[in-house]
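Colleague: I've got the model open and a list of labels I'd like you to justify. Can we go through them one at a time?

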Amino acid sequence: METKAIFLDLGGTFREVVEIPEVYNKARARIAEICQTDMDPDTYWAFINKRYDVYREWALRFLCEAPEKLLWTRWLVPELDRDYVEAHAVELTENFRLAKGDRQVVPHGIETVRELRRRGYKVGIISDLVGTVEIDKWLDRDGIRDLFCTVKQSSVTLLRKPHPAIYFQALDEAGVRGEESVFVGDNLNRDIIGAKAAGFGGTVSVEYPGKRLKLTQENVPDCIIHDFADLLNVFPGNGEFHPENAERRDP
């Protein structure tokens with residue numbers, strides 16, 4: 001069947017964390033300032049991160065992303081005044097993300113998406129992340145919003161991969177069927193299993209240097225790429241999808 005759309009994961013697939021000290025130090029200091037703690041910013045950041053690990057276990061168990069206000073008042077700083085925290089939840093979340101580093105598009109990322117669009121494919125995003133403002137700011141800052149027919153985030157839909165519902169929402173907004181679509185991601189047990197559950201026609205996994213995928217019968221993708229630009233070999237145009245043009249690996 002003709003492939004009409006390619007959907008991308010973000011973290012670890014289309015973007016990567018770059019540790020820039022001036023970025024994460026500023027973000028950690030701002031979190032400590034808002035929360036009015038006596039701890040130094042790095043210590044407080046580690047403290048908040050441990051609490052986030054507990055939240056993450058809940059999120060992965062129920063395949064749900066909590067609203068920002070609830071994330072901070074229930075899991076991260078429940079001891080602080082609820083109204084105060086809710087008023088600062090969006091800013092806290094934005095800085096929580098930056099406290100790990102800046103997110104930057106992987107090499108050849110934007111050029112590859114532009115070429116895929118030129119070849120006639122729709123391109124969408126389906127991503128798990130906390131925060132409701134980061135992605136909009138990034139798309140507008142880099143001037144690439146027009147490259148994507150849909151952007152679905154767990155922080156907005158409140159659904160996490162591999163729940164098929166977030167894929168269904170993206171397909172509906174893109175105006176394509178699952179069997180006409182291919183998903184590209186780095187996390188086999190979320191990205192690939194979720195796309196298969198949603199009836200996608202194909203799956204591609206990225207395996208960048210330093211990473212080794214752990215394949216199973218359930219999560220094995222149709223092919224594996226090692227550079228984002230390798231997608232141009234897999235999607236030559238005319239609605240075609242050629243996983244044989246990339247690495248095929250058995251579990």
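**Putting labels to the test**

Modeller: Sure, and let me start at the end of a helix: Gly175 comes after α8 and has a positive phi, near 75 degrees. Bear in mind that this is a predicted model.

Colleague: Okay, staying with α8, which of its residues are buried, and what covers them?

Modeller: The buried ones in α8 (residues 164–174) are Ala165, Ile166, Tyr167, Ala170, Leu171 and Ala174. Their cover includes the strands β1 (5–8), β4 (122–127), β5 (151–153) and β6 (181–185), along with the helices α7 (154–157) and α9 (188–197).

Colleague: Now an arginine. Why is Arg28 called buried?

Modeller: Buried means under 20% relative accessible area. Arg28 has 17%, so it counts as buried. It's found in helix α1 (residues 21–34).

Colleague: What makes the link between the Arg28 side chain and Ala99 a polar contact?

Modeller: A polar atom of that side chain lies 3.0 Å from the backbone oxygen of Ala99, and the cut-off is within 3.5 Å. Leaving aside neighbours within four places in sequence, Arg28 is also in contact with Pro41, Asp42 and Trp45.

Colleague: And Tyr24, why does that count as buried?

Modeller: Same kind of test: Tyr24 has 19% relative accessibility, and buried means under 20%, so Tyr24 passes. Tyr24 is in helix α1 too. Not counting residues up to four places away in sequence, it touches Glu19, Leu98, Ala99, Lys100 and Gly101.

Colleague: How far apart are Tyr24 and Asn95, in sequence and in space?

Modeller: They're 71 residues apart in sequence and 8.2 Å apart in space, C-alpha to C-alpha.

Colleague: Why are α1 and α4 called roughly antiparallel?

Modeller: The two pack at an angle of about 160 degrees, with their axes 8 Å apart. Angles over 145 degrees count as roughly antiparallel, so α1 and α4 get that label. Their crossing is left-handed.

Colleague: Which residues meet there?

Modeller: On the α1 side, Val23, Tyr24, Ala27, Arg30, Ile31 and Ile34. On the α4 side, Tyr84, His88, Glu91, Leu92, Asn95, Phe96 and Leu98.

Colleague: Moving to α3, why is Thr73 called buried?

Modeller: Thr73 has 8% relative accessibility against a limit of under 20%, so it counts as buried. Thr73 lies in helix α3, where the other buried residues are Glu68, Leu71, Trp72, Trp75 and Leu76. What covers the buried residues of α3 includes α2 (41–62) and α4 (82–98).

Colleague: What does the side chain of Thr73 reach?

Modeller: The backbone oxygen of Lys69, at 2.8 Å. Leaving aside neighbours within four places in sequence, Thr73 is in contact with Pro78, Arg82, Val85 and Glu86.

Colleague: Last one: which residues touch the most other members of the largest nonpolar core?

Modeller: Leu8, Phe148, Val204, Leu231 and Phe235, out of 30 residues in that core. Several elements supply at least two residues each, among them β1, α5 (109–118), β7 (202–206) and α10 (231–234). Helix α6 gives the most, with three residues. There's also a second, separate core of 23 residues, which includes Leu71, Leu76, Val85 and Leu92.

Colleague: And what does Val204 touch?

Modeller: Leaving aside neighbours within four places in sequence, its contacts include Val182, Phe183, Val184, Ile192, Ile225, Leu231 and Phe241.

Methods. Residues numbered from 1 in each chain as written. Predicted model: local features only at pLDDT ≥ 70, side-chain atom pairs only at ≥ 80, totals over all residues. Heavy atoms only, no water. Helix = DSSP H or I, 4+ residues; strand = E, 2+ residues; numbered from the N terminus. Buried < 20%, exposed > 50% of the residue type's maximum accessible area, 1.4 Å probe, protein only. Polar contact = N/O pair within 3.5 Å; in protein donor to acceptor, adjacent residues only side chain to side chain. Contact = heavy atoms within 4.5 Å. Core = buried A, V, L, I, M, F, W, Y, C linked by side-chain atoms within 4.5 Å. Axes fitted to C-alpha atoms, helices over the stretch in contact; angles between N-to-C directions. Parallel < 35°, antiparallel > 145°, perpendicular 65-115°, else oblique. Left-handed = near helix turned anticlockwise from the far one by under 90°.
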